[in-house]
Amino acid sequence: MAERQIESRTLTKFDVMVVGSNMIDLLSHISQLPKMGETVIGDSFHLGHGGKGANQAVMAARLGARVGMITKVGDDVFGKMTIENFTKEGISTDTVFIQKDQSSGVAPIFVDKNGSNMIVIIPGANLDLTPQEVQGAAERIRSSKIIVSQLEINEETIIAGFQIAKEAGTTTILNPAPARPISDELIKLSDLIIPNETEAEVLTGIKVEGRKGAQQAADKLLGAGAKQVILTLGADGAYLFDSEHQAHFPALSVEPVDTTGAGDAFIGSLAYALAQDQSLPEAIRFANLVAAISVTKIGTQASFPTAKEVDQVKSSLL
Ligand code: ADP
């Protein structure tokens, strides 16, 4: 086993392999949301790249990680745009599958002048990514340092990827988002589980308020077989719990402008830092910094900083 792990490390081609979702956000700004049956004229429209899997892959790639994406798009214009976006970000698209007669994942979003919104998520091809397709990409998982997944694809598909990773000594990170219960099998296959407050509550039934709640929820996940748990608590930063640590990592004090995608910035930058062989506490401090920068800008992928921008902020803090 040790020999196999050394062998797989020397063959490492990717820092981070994401087995996850991609979406196209269709964002309409309207002064007033339509009532049932009503047609209204909107003010503006914006098309954006999203999906938790894609966001986390883009974050890690912006920082300079070698990133691959195992995902599925539909046989449509949005699928082509998603592949182009990955290419633009330097993400390997060799394992982006295309599902015939299916739409890509899309999220029509309507926002009114007060900021109230209505969102519909259509997973489309994301739910057609099969365990067999992931198994077909096994060599890519084996040649990655870290594999990252979220809950916008089927659980059996994530499990297929994590099983390959565990056998090869690739570190598995699960971001259990959006919130839904998961099996103990998936918890046990995850080296690191990173929920936010809501997700932790859905997974454990424990309300996460402050350190005590965080500790109780983490204990439940550790008891179910998770090896390490990081809880992200927005402006309160992050907590790490495992057999050695019970530590709080405060967030940076910033003026938030738009916190959408903060969790994705945190996970993508943490995966990058761990692939650079930073210790977990160091990687969490780095992820807090990158996620804080992202909340000071509008948009999701648009708010993710490059390595250069992170360095500039870091030196301004010294
Ligand atoms: P999610 O976006 O999944 O709800 P969180 O809100 O917990 O995730 O945020 C993830 C991380 O982003 C936090 O752990 C923190 O590092 C950073 N963050 C989020 N909101 C803020 C904020 N207002 N100020 C500074 N950092 C923030």
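# A tour from S294 to the sheet

Select S294 first: leaving aside residues up to four places away in sequence, S294 touches D258, A262, A265, S303 and F304. Keep in mind that this is a predicted model.

**Stop 1: around S294.** Colour helix 11, which is where S294 sits. Is S294 buried or exposed? S294 is buried, because its relative accessible area is 1%, and under 20% counts as buried. Now show the side chain of S294. One of its polar atoms lies 2.7 Å from the backbone oxygen of A291. A general rule helps here: an α-helix has 3.6 residues a turn, so residues three or four places apart point the same way.

**Stop 2: the ligand.** Stay with helix 11 (280-295) and add helix 10 (262-275). Each of these two helices supplies at least two residues of the shell around the ligand. Next, select the ligand itself. Which of the 16 residues around the ligand come nearest? They are N196, T232, G234, G263 and N288.

Zoom in on the polar contacts.

- Show the side chain of N196: an N or O atom there is 3.0 Å from an oxygen atom of the ligand.
- Show the backbone of G234: an N or O atom of this backbone lies 2.9 Å from a ligand oxygen.
- Move to the backbone of G237: here an N or O atom is 3.0 Å from an oxygen atom of the ligand.

Switch on the surface. Alone, the ligand would expose 560 Å², and the protein buries 84% of that. Then colour the shell by residue class. You will find ten nonpolar residues, six polar ones and no charged ones.

**Stop 3: helix 2.** Select residues 52-62. This is helix 2, and it is mostly covered, with nine of its eleven residues buried. Among the buried ones are G53, N55, V58 and A61. Step just past the end of helix 2 to G64, which takes a positive phi of about 115°.

**Stop 4: the sheet.** Switch to cartoon view. Nine strands form an open sheet with mixed pairing, in the order 5-4-1-8-9-10-11-12-13. Why do strand 5 (96-99) and strand 13 (246-249) stand at the edges? Each has a single partner strand, so one side of each is left without a neighbour in the sheet.

Finish at one edge. Select strand 12 (residues 238-241) together with strand 13: these two pair in the antiparallel sense over four bridges. In general, strands of a sheet pair through backbone hydrogen bonds, either parallel or antiparallel. Last, pick L240, and look across to A247 in strand 13, which stands opposite.

Notes. Residues are numbered from 1 along each chain as its sequence is written. This is a predicted model: local features need pLDDT of at least 70, side-chain atom pairs count only at pLDDT 80 or more; totals for chains, interfaces and linings use all residues. Side-chain values use heavy atoms; hydrogens and water are left out. A residue is near a molecule or strand if one of its heavy atoms lies within 4 Å of it. A polar contact is a pair of N or O atoms within 3.5 Å; within protein, one must be able to donate a hydrogen and the other to accept it, and residues adjacent in sequence count only if both atoms are side-chain atoms. Accessible areas come from the Shrake-Rupley method with a 1.4 Å probe; for residues, only the protein chains shown count as cover. Ala, Val, Leu, Ile, Met, Phe, Trp, Tyr, Cys and Pro count as nonpolar, Asp, Glu, Lys and Arg as charged, and the others, Gly among them, as polar. Buried means under 20% relative accessible area, exposed over 50%, partly exposed in between (1.4 Å probe, protein chains only). Contact means heavy atoms within 4.5 Å. Two strands pair if DSSP finds at least two bridges between them.
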